[in-house]
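Grab a pencil and your favourite viewer. Here are a few exercises to work through, each with a solution you can follow step by step.

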Amino acid sequence: MLSEKAQNLDLFGIYIYLHIMFRNYLVIAIRYLLKDKAFSMINILGLSLGMAFAIIIFLWIQDELSYDKFHSKHDRIYHAYLRVLDARTSFNFQPTTSNEIGKAMLDDIPEIIDVARMGPLGEVACKHGENMFIESGGFGADPEFFNLFTYPFVDGYAENALSGLYSIVLTEKMARKYFGEARAVGQILRINNRLELTVSGVIKDVPENSHHNFDFLVPFDLSREFGINIEEMGNLYGNCLFNTYVLLQENANHDTVLSKVTRQFRFDDDNIQGETFLVPLPKTNRYSMIGGNLLIYIFFVVGILVLLIACINFTNLSTAKATIRVKEVGIRKVFGASRQNLFRQFMGETFLYALISLNFALILASLFMPVLNNITGKEIRLNYLDPTWIVILFAIWLFTSFAAGSYPSLLLASKIPSSIFQQQHQAGSGRSLVRMVLVTSQFVFATIFLITVFVVNRQFFYMDHADLGYRKQDLVYLRLRDQTREKSEIIKNDLLQIPGITGITNTSQLPVLIAGGFYEVWGRSDEELRYLCTSAVDYDYVRTMGLEMIEGRFYSRDFATDSITAAVVNETAIEQMGLESGVGEKFFYRGEYYNIIGVMKDFHHVPLVMKITPLLFRLQPKGNDYILLRIGSGNEEDMARILEQIKSTWKQNFPELPLEYNFLEDYEFPQEKVIYSAERLMRYFTILAILISSMGLFGLSTFMAERKTKEIGIRKVMGASAGKIIRIFSREYLKLIILANLIAWPLAWLLMKQFLNAFAYRTNLNPWIFLVVGIFICILAIIIVGVHAYRSALKNPADTLRYG
């Protein structure tokens, strides 16, 4: 047994040995980093770019996964969705249900202990004193809302905040907007110049990572005062316009509850089936989004691939450089260095490269963060003190180090001293199978990314320029509410007097989004349940919109019975009724028969991701929500003049209410906004992937050109021209690029086919896209490799043979 003193001396000796060894490895690593500055710069820059974009992607993913987790009961709250299976339409599911189904679930499912409903109020005019604004962030909510969701009150109490019918809860931001620094609770806020609501509470502003985005709440029962239909008619699947949330018992079996809800709350008809299902609260933000969780998986994979491309760069250059260090390896092995020692040394150098790159990556990520927030509309920040992010950064550093350095380190550590000089020539030939595979892999990923950007851009171009069935340009819409609805005919007549306005109409829904239909009995008889959207319009709708009637006529003031017995439908409605011609046929709707007087040509009344659905146009000259104006002049000066006159006319009629107008072509669909953001991010990733791959090819071709200087000199002496030398040295890499394209094309085709299938109306997946991308990648590679070959070919053969 060794004494305690001897043991301490032994431990001290090990510590000294490890300290000296680590310092020796660090000195050698720094020496090689400074010795070949071009090699080091390419490696560090490539790793930095890859790590920076990996950090950015993981920040975005972390933000997406953090939604609604700040609620203390988030793991017990579920959002009710409605799913409908009907092969005749693209309608599948929606995040809104009827206002009655929540109470039914509370009565029938014992594990559900609380329910809260929530519904948007639309645009309303709010006023206090001289402060008057149009607000669109208002919702009606049940008093139980604050029992489910955690929104801290800065003034007032959650228990009774929505108990009074004429009460209102504001966010801090909205309270300051109307009341400044004065206390808001107890103050009166006038709504639509008609309702007077008492502020009963002020909550902290809704966090960015919440799928709710509201500025104020009123009691759900008050929604009817805002023109929202909340009457209970006993139909659990009608009027499905509201968000319904349920709270489960603490010890409830969630899977059992979910299956109970799906089983008990469903309807089944001969042609369609529907069911209610529950989605966990933290997932509801992504569930209705195009792509949803799939988008997160895609970007996670893209982040890993971009990082791998950077790691492949490092591996390629390191294995190519290995030929220079084989003598060092041989001498170290002769003097007793083990394979493990050599592996640790070379991996240590990689860890140093990765650590330096990580610091540059953090700087690049911080610089790009405003761009990311602008693209996504988020407020993402990199918190260096967040323990989660410290772990993520550490994981990125380890992953990069091992992915980039393992193979070169194993390759060098496994060299046998007797074969070092023999293998030196072979290693420098540039024909390493592993290196060829890695270069090919890089360009496979880059090619797939580039094809993806081409196809996605082509689809967006198609959507932006698709024939919607009417001209969306030069259409301005005004929002009506309460007394403005009542005086819609007066304001219409006054606006029509403005020179330059060529058409005016009012409607209950904007023509770009006539949705929110119902499954109900309609058609030729009362035998079949179908999906139907309806829109209330006036006599001038078709003329103002520029729509086309393919049969019959539209509503006319010349026919008094049009408002009583007439119906106008679109082509799709006639097709689903099984008719070849619609005019003169009977149309059954909500227990009554109407006469079809006209069939309108289909137009895109929903985003192009969805199919055109059956449409019924109801005649309602007054009381609609929007006025649509067709402005004839495209001249900017005339447009500005007309808009000023519109404001003036509005002020004359409604001096107490502000005017808010928008151009219809500027209307953004939330689903399409998500895809546009994803496409812009993918564009940056593609540029990055091509840049990193090009840097790797640049570094590799530079190194190979240096190693083959003597060969180039001999070829020139033997009569080879500069062009021939360029062809010879480009041929090898060109073969790899062509192979990369052949591998990437079928993979990209499968991916893009799946992407385009998400759109009901889509562009074609043309072969020329693949050819253009392939030619571009090949030309890029030829330029990169050719530059080095050309420079080497211009050198004097006497110099290259003497010093090569």
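**Exercise 1. The core**

Which residues of the largest nonpolar core touch the most other members?

Solution. Keep in mind that you're looking at a predicted model.

- Step 1: Start with the membership, which is 86 residues, and look for the best-connected ones: Ile-55, Phe-299, Phe-449, Ile-451 and Phe-685.
- Step 2: Trace the core back to its helices. At least two residues each come from H2 (37–65), H8 (292–334), H9 (339–376), H10 (387–413), H12 (433–465), H19 (670–707), H21 (722–756) and H22 (767–793). The top contributor is H2, with 16 residues.
- Step 3: Zoom in on Phe-449. Skip its neighbours within four places in sequence, and its contacts are Val-302, Leu-305, Val-306, Ile-309, Met-682, Phe-685, Thr-686 and Ala-689.
- Step 4: Don't stop there, as another core of 37 residues lies apart from this one, with Ala-466, Tyr-555, Phe-669 and Ile-675 among its members.

**Exercise 2. The whole chain**

Work out how the chain is built overall.

Solution.

- Step 1: Count the secondary structure, and you get 23 helices and 25 strands.
- Step 2: Check burial: 52% of the 804 residues count as buried.
- Step 3: Take the contacts between residues at least 6 apart in sequence; 81% of these join residues at least 24 apart.
- Step 4: Turn to the outside. About 37600 Å² is exposed, and carbon and sulfur atoms supply 57% of that.
- Step 5: Pick out a nonpolar patch on this surface, formed by Leu-771, Ile-775, Ile-779, Ile-783 and Val-787, with about 450 Å² of accessible area together. Ile-775 sits in helix H22.

**Exercise 3. An arginine without a partner**

Is Arg-479 buried or exposed, and what is the nearest side chain of opposite charge?

Solution.

- Step 1: Locate Arg-479 in strand S15, residues 475–479.
- Step 2: Arg-479 turns out to be buried, and the nearest opposite charge is Asp-625, 4.0 Å away, yet Arg-479 has no salt bridge.
- Step 3: List who else is around. Beyond its neighbours within four places in sequence, Arg-479 contacts Gly-122, Glu-123, Arg-485, Asp-625, Tyr-626, Trp-650 and Glu-660.

**Exercise 4. Salt bridges across the sequence**

How many salt bridges does the structure hold, and what do some of them tie together?

Solution.

- Step 1: The tally is 19 salt bridges.
- Step 2: Take Arg-83 and Glu-275, whose side chains meet at 2.4 Å, N to O. Arg-83 is in strand S1 (77–85) and Glu-275 in strand S14 (273–280), so this bridge links parts 192 residues apart in sequence. Glu-275 counts as buried because its relative accessibility is 13%, under the 20% cut-off.
- Step 3: Now Asp-142 with Arg-117, where the closest N and O atoms are 2.9 Å apart. Asp-142 is in the loop between strand S6 (138–141) and helix H4 (145–148), and Arg-117 is in strand S3 (112–120), so parts 25 residues apart in sequence are tied together. Both Asp-142 and Arg-117 are buried.
- Step 4: Next comes Lys-177 with Glu-135, at 2.8 Å between the closest N and O atoms. Helix H5 (172–179) holds Lys-177 and strand S5 (131–135) holds Glu-135, so the pair bridges parts 42 residues apart in sequence. Lys-177 is partly exposed at 35% relative accessibility, whereas Glu-135, at 6%, counts as buried.
- Step 5: Finish with a network, in which salt bridges sharing partners join Glu-489, Lys-492, Asp-538, Asp-540 and Arg-557.

Methods: Residues are numbered from 1 along each chain as its sequence is written. This is a predicted model: local features need pLDDT of at least 70, side-chain atom pairs count only at pLDDT 80 or more; totals for chains, interfaces and linings use all residues. Side-chain values use heavy atoms; hydrogens and water are left out. A nonpolar core is a set of buried Ala, Val, Leu, Ile, Met, Phe, Trp, Tyr and Cys residues joined through side-chain atoms within 4.5 Å. Buried means under 20% relative accessible area, exposed over 50%, partly exposed in between (1.4 Å probe, protein chains only). Helices (H or I, at least four residues) and strands (E, at least two) are DSSP runs, numbered from the N terminus. Contact means heavy atoms within 4.5 Å. Accessible areas come from the Shrake-Rupley method with a 1.4 Å probe; for residues, only the protein chains shown count as cover. Patches are made of residues with over 30% relative accessible area and no salt bridge: like charges are joined within 9 Å, nonpolar side chains (Val, Leu, Ile, Met, Phe, Trp, Tyr) within 5 Å. Lys and Arg count as positive and Asp and Glu as negative; His and the chain ends are not counted.
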